[in-house]
Amino acid sequence: MNILVINCGSSSLKYQLLNMNDESQLASGLVERIGIEGSRLKQETPAFGKKVVEVEMKDHKAALENVLKALTNEEYGAIKSLEEVNAVGHRVVHAGEKYSESVIINDDVIKALEECIELAPLHNPPNLTGIRAIQELLPSVDNVAVFDTAFHQTMPATSYIYPLPYELYEKYGVRRYGFHGTSHRYVYQRAAAMLGKDAKDLKLISCHLGNGASLCAIDGGKAVATSMGFTPLEGLVMGTRCGDIDPAIVTYIMDKENLDTAGANNLLNKKSGVFGISGVSSDFRDIEDAAAEGNERAQLALDVFDLRVKKYIAAYASIMGGVDGIIFTAGLGENSIDNRKSICENLEFMGVELDEEANKVRGKETIVSKPDSRVKVMVIPTNEELMIARDTLELVK
Ligand code: ADP
């Protein structure tokens with residue numbers, strides 16, 4: 001059973017073809033600059049290696065046509081014909097309160113996702129475009145939607161209700177939804193396997209630290225709290241997003257700088273975070289380099305980032321009445337030795353003892369706490385594509 005996993009962004013598209021008999025990757029690829037001059041497709045297969053195809057792709061349908069061509073290309077493809085694609089799993093960002101699990105896509109699902117566009121105007125439209133294009137190009141295969149928000153639907157109301165007039169929740173769905181759910185779900189399941197325990201018996205905190213970053217408290221295999229909110233802007237300090245701030249700052253700055261709502265959104269989403277503090281870059285590698293060269297604002301950005309992760313970890317341990325494991329994942333979580341060290345510092349009081357030698361690791365699934373640390377600290381590379389393929393397999397088989 002081969003499953004194609006598709007993740008459509010506004011001008012890019014990531015894909016993977018997986019053989020689910022042994023979960024091996026048959027091909028992975030990326031289409032960039034869709035609808036922009038200079039669009040290209042990059043694909044990698046175990047047999048051929050990397051291939052770049054430069055071709056004009058005016059929209060997502062054209063991009064997917066080229067993906068299917070590349071997958072079946074005689075020289076650098078992975079399969080002989082499209083009949084070898086048995087199902088397609090789609091990453092979808094927002095399902096509102098409608099879905100708490102992945103679903104096979106039918107007209108009702110499409111309608112529900114269209115209704116969620118208001119909640120995720122940047123993400124749901126390209127996700128839907130990808131679904132429609134595959135329905136046209138591969139009319140006989142089942143499509144499955146896997147939602148970023150779904151895993152968080154088990155949160156209690158105490159975690160998702162904002163202290164705003166309750167009518168805003170009823171009228172407009174203003175509540176915490178949370179994102180990165182597929183990643184948090186993948187890593188907590190891996191953590192349970194690594195610890196040789198049933199997830200039902202574990203209290204875990206998953207730290208997805210990438211350009212976008214969020215934490216999730218997972219008690220007995222269920223999400224009970226998460227740091228992203230109504231949108232992916234809340235919570236941690238991120239590459240260019242501010243995370244938690246005093247909401248009064250927004251209207252104050254709008255007045256002072258003469259900003260409209262689009263301007264304010266741009267400031268908070270694109271010009272803030274570690275980029276805003278450091279003035280250097282949104283990429284943690286550049287900021288680490290600048291800090292090492294003595295740039296004080298770069299160091300301050302890293303310190304503010306780490307402190308907020310630490311605050312959330314302690315808060316989530318208190319919500320769950322303890323914690324058995326802390327998971328670090330995504331670009332920064334998997335790779336940054338220094339950030340992990342600084343985040344875990346001062347958490348010894350709650351049983352977190354990082355092993356500095358074991359922590360000198362990048363991108364490898366391993367335990368980095370001391371053998372007798374009460375709380376296990378783990379590095380677990382995330383794999384959202386595999387999780388999407390597993391859900392797809394489960395629903396279509
Ligand atoms: P997203 O999917 O949200 O774009 P990723 O999970 O790919 O993000 O994470 C990207 C971030 O990870 C980059 O901004 C970079 O700062 C950080 N990162 C990647 N590798 C390293 C590394 N070796 N050291 C420190 N940070 C890293």
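Tutor: Ala, Val, Leu, Ile, Met, Phe, Trp, Tyr, Cys and Pro count as nonpolar, Asp, Glu, Lys and Arg as charged, and the others, Gly among them, as polar. This is a predicted model: local features need pLDDT of at least 70, side-chain atom pairs count only at pLDDT 80 or more, and totals for chains, interfaces and linings use all residues. Residues are numbered from 1 along each chain as its sequence is written, and side-chain values use heavy atoms, without hydrogens and water.

Student: How do the residues of the shell around the ligand divide by class?

Tutor: A residue is near a molecule if one of its heavy atoms lies within 4 Å of it. Here the shell has 3 nonpolar, 6 polar and 4 charged residues. Of the 13 residues around the ligand, Asn 211, Gly 212, Asp 283, Phe 284 and Gly 331 come nearest.

Student: Which polar backbone atom is 2.9 Å from an oxygen atom of the ligand?

Tutor: A polar contact with the ligand is a pair of N or O atoms within 3.5 Å. The backbone atom in question belongs to Gly 331. For Leu 332, a backbone N or O atom is 3.3 Å from a ligand oxygen.

Student: How many disulfides are there?

Tutor: A disulfide is a pair of cysteine sulfur atoms within 2.5 Å. The count is 0. Cys 116 has its closest cysteine sulfur in Cys 8, at 17 Å, too far for a bond.

Student: Is Cys 116 buried or exposed?

Tutor: Buried means under 20% relative accessible area, exposed over 50%, partly exposed in between (1.4 Å probe, protein chains only). Cys 116 is buried, at 7% relative accessibility.

Definitions and conventions. Polar contact = N/O pair within 3.5 Å; in protein donor to acceptor, adjacent residues only side chain to side chain.
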